[in-house]
Amino acid sequence: MLPELLVSQIAAGEVVERPASVLKELLENSIDAGARTINVTLDEGGVRRVQVEDDGDGIARDELRLALARHATSKIANLSDLEAVSTMGFRGEALASIAAVSRLAIITRRNDAPHGAALHAEGGTVGEVEPAARAPGTTVSVADLYFNTPARRKFLKSEPTEYGHCEEVLRRIALSRPQVGFSLRHNGRVSRHLRTESLRERAAALLGRELAGASVPVEAAAGGMRLRGLAGTPQAAQARADCQYFFVNGRYVRDRVVAHAVREAYAELLHGERQAAYVLFLDLDPRTVDVNVHPAKIEVRYRDSRAVHQFVRHALERALAPSAAQAPVAYASVSQQAGIQAALALAQPSATYQAFMASAAAPLPAAEQSPPLGFALGQLHGVYIVAQNEGGLVLVDMHAAHERIVMERLKRALDAGEVARQRLLVPAVFSAQALDVATAEEHRAALERVGLEIVVSGPNELTVRSAPVLLASGDVVGLARSLLREIREYGASQMLAGRQNELLATMACHAAVRAHRSLTVTEMNALLREMEDTERSGSCNHGRPTWYQLTMADLDKLFLRGR
Ligand SMILES: Nc1ncnc2c1ncn2[C@@H]1O[C@H](COP(=O)(O)OP(=O)(O)OP(=O)(O)O)[C@@H](O)[C@H]1O
Ligand SMILES: [Mg+2]
C-alpha cells in the first residue's frame with residue numbers, strides 16, 4: 001500500500017497540472033454550490049495564490065474536514081447517482097489532491113450556521129477546524145502550489161503564461177454561466193468584472209464584439225437533446241480555432257464527435273483554413289453521456305454518438321442557412337454597391353482616365369510590345385480579372401495572383417535581412433487573450449524581424465504599430481493574430497527557420513487583395529505586369545493556378561465557329 005499522502009500526490013499529478021487546473025476545480029465547486037457571485041484572486045499567475053470566494057451553500061462545520069479527505073463528496077452516493085450526475089464534480093478528489101501539493105485554507109459558512117469555520121492544510125497535513133467570521137459562502141485559498149514537490153514545480157511556465165491559462169479557464173466557466181457574476185483580480189488589480197448578463201453580452205465581454213456582432217442564435221431541440229448558443233457567421237470566422245467553445249451539460253469539453261459535426265455544418269460556408277467561431281451548449285439526459293472518462297473531465301462519451309452528431313450538425317446547418325427573408329436584403333446591398341460604383345465612375349470624367357480606359361480596351365498594340373498576359377478589360381464579380389492578350393482571353397484569379405506576388409517579394413526581403421517596416425497611420429488595436437499578450441511580449445524581436453511591431457496596450461489588448469510595407473494596407477490584425485498563433489504552436493526560431501514558407505504564405509494571404517474588392521483598370525493592369533515579373537506566378541502559394549488562357553481557337557470551338 002502506498003502512503004495516503006503519496007496517493008494524493010499521484011492523483012494531483014492527473015488533476016492539478018498547473019494553477020489553472022486549481023482554478024478550474026475551485027470554480028466548479030462554487031458553481032456546484034449554487035453561487036451567484038464568484039470572486040477570483042490570483043497572485044503571480046496563480047503560482048503564488050489562487051483564491052476563489054463564493055456566496056454558495058457553504059460547508060457544514062462538522063463536514064469541513066471531510067471536504068479535504070480523499071473520495072469524500074457530497075455530490076453522489078452510489079453508481080446510479082454517478083450515471084446520472086449533473087454536477088461538475090463527483091470524484092471527491094479535487095480538494096484532497098490540491099491540499100497535498102499546496103498550502104490550502106478554507107473558510108466557510110452555511111446559511112443556517114451562526115458563524116463560519118476555517119480549516120488549514122499544508123502539504124496534505126490537515127489542521128483542526130476553528131471558528132471564523134464570514135458571510136454565508138465559501139472561500140478557498142490555495143497558496144504556493146507544488147511547494148513540496150519541487151520536481152513538479154519546474155514544469156510551471158512563466159507568470160504571464162500561467163496567468164493566460166487561468167484566464168482561459170475563467171473564460172470557459174464564465175461563458176457557461178452568464179447568470180453568475182464573476183470578478184478577477186491579478187496581483188492586486190481588477191482585470192475582469194462580469195455582471196449577470198445574457199449569453200450574447202457575456203460572449204461580447206469575453207470574446208470580443210467580433211463574435212457577438214456576427215453570429216446567429218442557435219436554439220433547437222429533438223430526441224431529448226437541445227442545442228443552444230451562438231454560431232458565428234462566416235464574417236466572424238478566424239484564422240485560428242481558439243474561439244470554439246462547446247459545452248455538454250454545462251461542462252466545457254473537447255470532443256471529436258461534436259467538433260466534427262460542427263465542422264461539417266460549416267463546411268459549405270467557410271473556405272480554406274478559416275475556423276468557425278462559436279459558443280454552443282448541448283444539453284442532454286445525463287444518463288446518455290459518460291463524463292467519467294478523463295481525470296480532469298475534459299472528455300465525454302455518448303451512448304449514441306451518431307445521434308448526437310446528426311442532431312448537432314442539422315441543428316447548426318439550419319441556424320446558419322440564410323433565411324428566405326434575408327436573401328432579398330443581400331441582393332439589395334449588392335445592387336446598391338453596383339450603383340455606387342457606377343456613380344463614382346461617372347463622377348471621374350478626367351481626360352487621362354478616359355484616355356487610359358480607351359487604350360486599355362483598344363485593339364492590342366503591335367505584337368512585339370504586347371505583354372504576355374495582355375491588358376485588363378474588366379473585373380468579373382469582384383473575383384476574376386478579364387484580360388485580352390494576343391492569344392485571346394485571359395482570366396486571372398486576382399487574390400491568388402496577388403498572394404503569390406507578395407509572397408515572392410517578402411521572401412526576397414526576408415532573405416536580404418529584414419522586412420521593411422512602415423509605421424501605421426492609425427495603429428491597429430485589437431483585443432487579445434493573455435496568452436497572446438505574453439507571446440507578443442516575449443517574442444518582440446522575432447516579430448520585428450518579420451516586420452511587425454506589436455506593443456502591449458492593456459491587459460487584454462495589443463496594438464500593431466508598424467507592419468511590413470507590403471502589408472500595411474492589408475489585414476494587419478489578422479496577420480498579427482496568425483503570427484502569434486504560429487509562434488505559440490511552433491516557437492519563434494522554428495517559425496523563422498523551418499517554417500519560413502508557411503510563414504510567408506500566411507503573411508501574403510493577409511496582405512493580398514481580398515476577393516470582392518473592386519480594382520480599377522489601372523490597378524488590374526499593374527497586377528498583370530507584376531505577375532509577369534514574378535517567379536512562379538502561374539500558381540498561387542497553395543498550388544492552385546492563378547490564371548487561365550482561353551485562346552481564340554478555344555472560344556471558336558465553344559461557338560462551333562468555322563466547323
Ligand atoms: N465552494 C464550495 N461550496 C460548498 N461546498 C464545497 C465547496 N467546495 C467544496 N465543497 C464540498 O467539498 C466536497 C469536496 O470537494 P472536491 O472538489 O474535492 O470534490 P467534488 O467536487 O465532490 O468532486 P471532484 O473531485 O470531482 O471535484 C464537495 O463534494 C463539496 O461538498
Ligand atoms: Mg470539485
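**Exercise 1.** In this predicted model, determine which element gives the largest share of the shell around ligand 1.

*Solution.* Begin with the shell itself: 21 residues surround ligand 1, and Asn29, Thr73, Ser74, Lys75 and Lys297 are the closest. Next, sort these residues by class, which yields seven nonpolar, eight polar and six charged. Finally, assign them to elements: the largest share, three residues, comes from α2.

**Exercise 2.** Identify polar atoms of the protein that lie close to atoms of ligand 1, and state what percentage of the ligand's accessible area the protein covers.

*Solution.* Consider the side chains before the backbone. An N or O atom in the side chain of Asp54 is 2.9 Å from a nitrogen atom of ligand 1. For the side chain of Glu25, an N or O atom is 3.5 Å from an oxygen atom of the ligand. Turning to the backbone, a polar atom of Arg91 is 2.8 Å from an oxygen atom of ligand 1. As for cover, ligand 1 on its own has 600 Å² of accessible area, of which the protein covers 93%. Two or more residues of the shell come from each of α2 (19–32) and α5 (94–100).

**Exercise 3.** Establish which strands stand at the edges of the four-stranded open sheet, and which helices pack on this sheet.

*Solution.* Write down the strand order, β17-β18-β19-β23, with antiparallel pairing. β17 (375–380) and β23 (547–551) each have a single partner strand, so one side of each lacks a neighbour in the sheet and both are edge strands. On average, neighbouring strands are turned by 25° against each other, direction ignored. Within the sheet, β17 pairs with β18 (residues 384–388) over five antiparallel bridges; Gln379 has Ile385 of β18 as its bridge partner. Then add the helices. Helix α14 (residues 398–415) lies across β17, β18 and β19 (392–397), at about 70° to β19. Helix α20 (residues 521–533) touches β17, β18, β19 and β23, and its direction makes about 115° with that of β17.

Methods: Residues numbered from 1 in each chain as written. Chains lettered and ligands numbered in written order. Predicted model: local features only at pLDDT ≥ 70, side-chain atom pairs only at ≥ 80, totals over all residues. Heavy atoms only, no water. Near = heavy atom within 4 Å. Polar contact = N/O pair within 3.5 Å; in protein donor to acceptor, adjacent residues only side chain to side chain. Areas by Shrake-Rupley, 256 points an atom, 1.4 Å probe, with all protein chains shown as cover. Nonpolar A, V, L, I, M, F, W, Y, C, P; charged D, E, K, R; others polar. Pairing = 2+ DSSP bridges. Axes fitted to C-alpha atoms, helices over the stretch in contact; angles between N-to-C directions. Contact = heavy atoms within 4.5 Å.
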